[in-house]
Amino acid sequence: MPPLIPESTMVARHILLSAVVFPEANGWAAVCLEHNIGAQGRDVEHARRALSCAIMGQILMDMRSNRQPLGHLKPAPEAYWQLFQSGEHLAAAPASQLTV
């Protein structure tokens, strides 16, 4: 089976992203501030992992479509940035690695 992404387009990159995680009625939500991608989970850690999976999925779709990964997504609305600034800063989540 051929690879999802041609080897000639694979380049190792590190992307540092910020996220805000906040409670909702039925769990927790996480939003990537730089690219307005969101996810939900039953607790903080599950929401963080779900967001990581959503971001990696978007990167894969962008690469398969020959688009710059995350390049077409706009930042999250200002309200999420303000929530991030006013909230408690948690330890950085472990870096996720995407291998295609």
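Is C53 buried or exposed in this predicted model? With a relative accessible area of 51%, C53 is exposed, because exposed means over 50% relative accessible area.

## Two cysteines and the disulfide search

C32, by contrast in its class, is buried, with a relative accessible area of 1%, and this value falls under the 20% that serves as the cut-off for the buried class. A search of the whole structure for disulfides finds 0 of them.

## The hairpin of β1 and β2

Strand β1, which covers residues 19-24, pairs with β2 in the antiparallel sense, and the pairing runs over 6 bridges. These strands, β1 and β2, form a hairpin that leaves 2 residues between them.

Strand β2 itself, made up of residues 27-32, is mostly covered, since 5 of its 6 residues are buried. Within the pairing of β1 with β2, A19 has C32 as its bridge partner in β2, and C32 is the buried cysteine described above, with a relative accessible area of 1%.

## The hairpin of β2 and β3

On to the next pairing: β2 also pairs with strand β3, residues 37-41, again in the antiparallel sense, here over 5 bridges. The residue C32 takes part in this pairing too, as its bridge partner in β3 is I37, while A19 is the residue whose bridge partner in β2 is C32.

The hairpin formed by β2 and β3 has 4 residues between the strands, and in this hairpin N36 takes a positive phi near 50 degrees.

Notes:
Residues numbered from 1 in each chain as written. Predicted model: local features only at pLDDT ≥ 70, side-chain atom pairs only at ≥ 80, totals over all residues. Heavy atoms only, no water. Buried < 20%, exposed > 50% of the residue type's maximum accessible area, 1.4 Å probe, protein only. Pairing = 2+ DSSP bridges. Disulfide = S-S within 2.5 Å.
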